[in-house]
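Visitor: Hello! Could you walk me through this structure, one step at a time?

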Amino acid sequence: MNHLKTILGITYLTLLFSAVNVQADDAVSSKDEKPNVIIINVDDLGYGDTGVYGATHVKTPAIDKLATEGRMFTDAHSASAVCSPSRYALITGEYPTRINLYNPIFLRSTLVIDTAEVTIAKVMKSAGYSTAAIGKWHLGFTNDSVMDWNKELKPGPLELGFDYYFGVPILNSHPPFVYVENHHVVGLTPDDPLVYGKHAETRWFPEKFDLDAIGGGRAAHALYDDRAVGTTLKEKAVDWIKGHKDDPFFLYLATTNIHHPFTPAPRFIGTSKAGRYGDFIHELDWIVSEVVKTLDEEGLADNTLLILTSDNGGMLNQGGQNAWSHGHKLNGDLLGFKFDAWEGGHRIPFIARWPGNIAPGSKSDDLLCNSDLLATMAALVDYKLKDNEAIDSYNMLPALVGNPQKPIRDCMVISPSNKRNIAVRKGKWMFISAQGGGGFTAREVGAHAFGGPGAFPFTGEVNSDIENGRIKSDAPPAQLYDLETDPYEKYNVYNEHPKVVKELQSLLQEILNSEKSRR
C-alpha cells in the first residue's frame, strides 16, 4: 500500500511539475488547429490615446475591451520613433539603424527591405499560413533607380512573404494618393498615366501635402477619397478574413488612422472632445470593433491571437496641438512626441488577446519592442530562426501567455529622427546620446513640425535641461534618466552617474557595431 502511494505520489508530482513548467511554445494550439494571427499596427497612436491607457477626452470601447479580454503592456516600445523605420523593425526583426534608416520614405523611394531577408510574413507562410498586408505600407517598392508608378511595383510586399497586399503605398498625407493592390496601382489606365510634376486631382485637407507632386491618373486618384480610406481598408480586411477563415491566416493590418490629415468618415466628425484628432481615434476604434465582430461572427475569435499596437508615439502636429488645447494628452504624461528619443516618441500601447491562452484583464510591465514580433511569431509556429535572422528580435510569447520570472529583454536601441540622439535602454536606465529629443523642433504654435524644447511653454512639460523653451547653456551634453523613479524624464542625472553613462555608451556602440548574428 505504501509502495502504491509512493508511485501515485511520484506520478502526481510529475504531472504537477509538467503542468507548471509548460513553456509558452507548448501553450499554443495543436498543429491541427494553428492559431490565426492579426496584428493591427496603428499609425501614430500615442500612449495616452485610448481609454484603457488613461484617455478621458476620447472613447475607445472596442480597444478597451481587447484589454479587458486580454493583456495590456505598459513598457512596450517601437524600435524607432518614426514611421518607416519602425515598420522596418516589425517586419524584419532588426533595428532600422542597422541600415541607417532614421526617417520616413517618400514618393520616389525604393524598397528598403532586402528580399533575401527573413520577414514576419515569410515565417508565417513557411508554417502554412495565408498571409496578407492591408493598409499603409510605407517601406517602398521596386529596386529601380527611378521609381515609375505606372509599371509593375515589384519587388514589394508579395516578395517579402505576403500573399496579398492592398493599401496606401506611402502615407495618407503625401503623394501618390492612390491605392495599390499587389503589384499595381488600382484604377490606373494606360491612356492616363501618373506623371511627376503634375498635381493630383484630389481633395485637400489641413496637413495634407503635395511637396513632391505626381498627377495624371485621374481614374486612380478618383478612387482615393480621404474620408473613405479607413472604411475601405476595414472592408478589405474583413473580406480577406472571411475568405480565409477555413485555413490558418496571418493578417498585418496597418491603419492610416490616426496619421494626419485627420479625415474620419463624416459620421465621426464632432463625436470626441479632442477635435479632429479625437474624431479620427473614434473611427479607429470602430475599425477595431468591425474586425472583432467579424471574428465573432465567423467563429474565429477563440483561435485568433489579436495584437493591437502603434508604430510610434503621438505627434504634436496641428491636429495634435488642437487636441492638446482641448485637454487631451496624446502620450499621457510621458515626455516628448513622435520623432523624439524621449519616452513619448516610442513608448506605445500594446494589447494582446487570445482567449484561453492569455489571461483576461491582465497587465504586464515586461520590456518589449515591436521588433520582437517576428521572433514571437517564429516561436508560435515553431520556426527555427537562423543565427543571422531577426537579430534584434526576442521571443516574447512567454510574456504574452505567462508571467516570466526574469526579464526576457533587458535592453534595446531606440532610433529618433536625428541619429545624433540615438538612445539605449538598459533595465531602469535610459541613455540619450545628445541634448534634446532628437525630433521636430519648430518653435511656433500651429507649425506642423512643432516640438522639442520650443514646445514646452505650450505643453507645460518639464525637464531639468530646459528653461523657457530652450536648452540651458550648462546642460549636460547627453541625457540619462532613471525610469524607475522618474518615468516622465523630468531630471537628467547624467552628471550624477558617470559610470552608468560610460557603461551605456559602450553598450550602445557594442550593439550597433555587432555583426549580423543572433544573441
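**A loop residue and its surroundings**

Guide: Gladly! In this predicted model, Asn492 is found in the loop between strand 20 and helix 12 (498-513).

Visitor: Is Asn492 buried or exposed?
Guide: Buried means under 20% relative accessible area. Asn492 has 8% relative accessibility, so this residue counts as buried.

Visitor: Which residue has its backbone oxygen 3.0 Å from a polar atom of the Asn492 side chain?
Guide: Leaving aside neighbours within four places in sequence, Asn492 is in contact with several residues, including Ser464, Pro476, Ala478 and Tyr481. Among these contacts, the backbone oxygen at 3.0 Å belongs to Ala478.

Visitor: Which residues of strand 20 are buried on each side?
Guide: In a regular strand the side chains alternate between the two faces of the sheet. Strand 20 (residues 479-482) is covered on both faces. One side holds buried Gln479 and Tyr481, and the other holds buried Leu480 and Asp482.

Visitor: Which residue stands opposite Asp482?
Guide: Strand 20 pairs with strand 17 (residues 429-432) in the antiparallel sense, over four bridges. The residue opposite Asp482 is Trp429.

Visitor: Which helix gives the largest share of the largest nonpolar core?
Guide: That core has 64 residues, and Ile307 and Leu400 are among those with the most contacts inside it. Several elements each supply at least two of its residues, including strand 1 (36-42), strand 11 (304-310) and helix 9 (372-380). The largest share, seven residues, comes from helix 9.

Visitor: How many residues does the second, separate core have?
Guide: This core includes Ile63, Val292, Ala323 and Leu334. Its residues number 54.

Note on methods:
Residues numbered from 1 in each chain as written. Predicted model: local features only at pLDDT ≥ 70, side-chain atom pairs only at ≥ 80, totals over all residues. Heavy atoms only, no water. Core = buried A, V, L, I, M, F, W, Y, C linked by side-chain atoms within 4.5 Å. Buried < 20%, exposed > 50% of the residue type's maximum accessible area, 1.4 Å probe, protein only. Pairing = 2+ DSSP bridges. Polar contact = N/O pair within 3.5 Å; in protein donor to acceptor, adjacent residues only side chain to side chain. Contact = heavy atoms within 4.5 Å.
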